[in-house]
There are 2 protein chains.
Amino acid sequence: MATIRDVAKKAGVSVTTVSRALNGYSDVNEKTRERIKAIAKELKYSPNLLARSLVMKKTKTIGLLVSGLRIEGSKDNFTYEVLCGVNDCAGELGYELVLISTDSKKQQEKTYNQLVQERKVEGIILQGIKTDDPYLEEVLKSDIPCILIDIPMESDSVGYVTTDNRDGAKSAVTHLLNLGHKHIGMINGHSQAFVSQERLEGYQEALQEKGIPFNHLYVADGAFLEEKAESETGMLLDKHPEITALFCASDLMAMGAIRAAKKMGRNLPEDLSIVGFDNIILSAYSTPSLTTIGQDRYQLGYEATKLLTDMLEGNKGSKRKVLNTTFIKRESTSENHN
Amino acid sequence: MATIRDVAKKAGVSVTTVSRALNGYSDVNEKTRERIKAIAKELKYSPNLLARSLVMKKTKTIGLLVSGLRIEGSKDNFTYEVLCGVNDCAGELGYELVLISTDSKKQQEKTYNQLVQERKVEGIILQGIKTDDPYLEEVLKSDIPCILIDIPMESDSVGYVTTDNRDGAKSAVTHLLNLGHKHIGMINGHSQAFVSQERLEGYQEALQEKGIPFNHLYVADGAFLEEKAESETGMLLDKHPEITALFCASDLMAMGAIRAAKKMGRNLPEDLSIVGFDNIILSAYSTPSLTTIGQDRYQLGYEATKLLTDMLEGNKGSKRKVLNTTFIKRESTSENHN
DNA sequence: CTGAAAGCGCTAACAC
DNA sequence: GTGTTAGCGCTTTCAG
């Protein structure tokens, strides 16, 4: 593996000159530069980024810290699509990407700061951590630039990107209300996610606008899990047979809800209308296909990276970004005939 | 950011001692070690991995080179699940993971060797590259340890992990034959994938065993694309209405095939049986749900990482691994009544 | 058991 | 334009 010295020796110049020639400095004779370039190529020289980073104190590397890079994530693809966005943007801007995945076991061993300091990432994007995660506090204290996904918190070195969950939820429920539904249940996600709270607010806001009182008995906790949502839906519909429509805080939970409803002999959408949230691939393939609120997970990752690199390069500007949702009408909702 | 010198100074010892103490060498007084450890903690010292790697010439980092980390991958999740497996295994063995994604544009700029040398990965896993990819040749020549996913090629520094595609395909087609189907079409993937060839062989082998002659007109190229598969299926069934069953080389293509068949007014599975390959999430949710050949993508990534780290650590042993498939019976296949 | 010194491959003042 | 020198933070002989 050729080093800069090898090139220098062969070219009969000093390493400094090689360094400057290859890095495009102007204060070097064009002829020398060409010669050096040729030799570098001949020797298949490529710079040792470790050494360079060590002296420059810059790694041009960002980290994507994911809590739970697990196979179950296949169902909603949230992490994957965020990753695609991060990867694309990082690539365009010339940053390397290291993937850091963590779980509670690993967190025992290393603090957030250790994790980040050791790997020498210049900044980091956090995805999938819960609001009660111990890392979150550390992040806010730390002065390593960081962008949070779906956690609306800010500090000098911390920004976030998220979706307008409240508005999305509101439009979902308004859609149901406009179809004539009066008794609308909600299967929410767990409370350790900001988005759950925001989506609940949107649900309430929509009801309020139409003068329908909020009934907390109509809201169940599906924990963002398909199975949990299935059982909760069963119980909810059992206890409150007057419910004719359901807003689920995720498509995956909507899948569970659909299954529960089918099991109870309810026809969809005649007997029960269901709206999801996310617009995951599955939602287009289920029977009935799911009316849902689309959010752009790729863009979430892309914007997070842009925000982060802006911070790293000292571009002052907003450290937050809120993306819009899109309403997607499919087969799982229809007019209330009761 | 505290360095080893800071710790040394505060502890009143040399950097050497600190290094040895913290790295668990035995030739250091236990009391000194404890004192140093305490001070390191107090100073929130964590070693600079760049510096360490530079001197040790070891980075404990592996790369996952993916061709096309794209949002479309959401549909089959191949890359994501492989990534999960790689990440888990790498984590368990104490390796860092850097994600390298490439496309034809990037390949113009940098050769494979440059890409890998610069980042100082000790070894690399290649996923999703086609058989005619220029990188492939470089890989085989290069002496950087590498594991290929789904490309059965070996050299001193190159191994591979794949699925028994031939056997999987064979069991799919045998299943159809056992159901009494005589005219079985195949929607294959593009020819720049080894798996396509292997699955075709399995298809042929199954036919042969039952004494049914191979008809190349029954095989269409769906290019692993849902839409292409849809149109190809339409054409195939148009030209050869005698076909009563279809083996698709991927579930995604099977989704396209299902759609085409439905459009032509064929009832599934009564008028047409379909078997897919992969067992992607969608295959369980489609209507009808898809009979398919399951392959374990997570394990593919996991085993690839194990193979790679074995090579890196000098453990001699097999440099290849072939995983088995599982047959999954669902609703898309039934007996032939024609 | 501990320390001094060398050096990993590179960049960046500062001279010439 | 180019070379000399120092040093990034760490590990590792080699002495003591």
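Below are three exercises with worked solutions on a predicted model.

Residues are numbered from 1 along each chain as its sequence is written, chains are lettered from A and ligands numbered from 1 in the order in which they are written. Local features need pLDDT of at least 70, side-chain atom pairs count only at pLDDT 80 or more, and totals for chains, interfaces and linings use all residues, while side-chain values use heavy atoms, with hydrogens and water left out.

**Exercise 1. The two protein copies**

Task: Work out how chain A is laid on chain B, and by what turn.

Solution:
- Step 1. Superpose by least squares on the C-alpha atoms of residues with pLDDT of at least 70 in both copies.
- Step 2. Read off the fit: an RMSD of 0.1 Å, a turn of 180 degrees and a shift of 0.0 Å along the axis.
- Step 3. The two copies are therefore related as by a two-fold rotation axis.
- Step 4. Locate the axis: in chain A, the C-alpha nearest to it belongs to Val98(A), at 2.3 Å.
- Step 5. Check the interface. Of the interface residues of chain A, 100% are also interface residues in chain B, so the copies meet through the same surface.

**Exercise 2. The surface near DNA strand C**

Task: Find which residues come nearest to DNA strand C, and which elements supply the surface.

Solution:
- Step 1. Apply the cut-off: a near residue has a heavy atom within 4 Å of the strand.
- Step 2. There are 27 residues around DNA strand C; Ile4(A), Ser19(A), Tyr45(A), Thr17(B) and Lys57(B) come nearest.
- Step 3. Turn to the DNA side. Of the strand's atoms within 4 Å of the protein, 66% belong to sugar or phosphate and the rest to bases.
- Step 4. List atom pairs. A backbone N or O atom of Asn48(A) lies 3.0 Å from a phosphate oxygen. A side-chain N or O atom of Thr32(B) is 2.9 Å from a phosphate oxygen. For Arg20(B), a side-chain N or O atom is 3.0 Å from a base oxygen.
- Step 5. Assign elements. Helix H2 (15–22) and helix H4 (49–56), in chain A and in chain B, each give two or more residues. H4(A) has the largest share, four residues.

**Exercise 3. Arg33(A)**

Task: Decide whether Arg33(A) is buried or exposed, then list what the residue touches.

Solution:
- Step 1. Place Arg33(A) in helix H3 (residues 30–42) of chain A.
- Step 2. Its relative accessibility is 7%, so Arg33(A) counts as buried (under 20% relative accessible area; exposed is over 50%, partly exposed in between; 1.4 Å probe, protein chains only).
- Step 3. Contact means heavy atoms within 4.5 Å. Leaving out residues up to four places away in sequence, Arg33(A) touches Arg20(A), Ala21(A), Gly24(A), Tyr25(A), Ser26(A) and Val28(A).

Methods: Polar contact = N/O pair within 3.5 Å; in protein donor to acceptor, adjacent residues only side chain to side chain.
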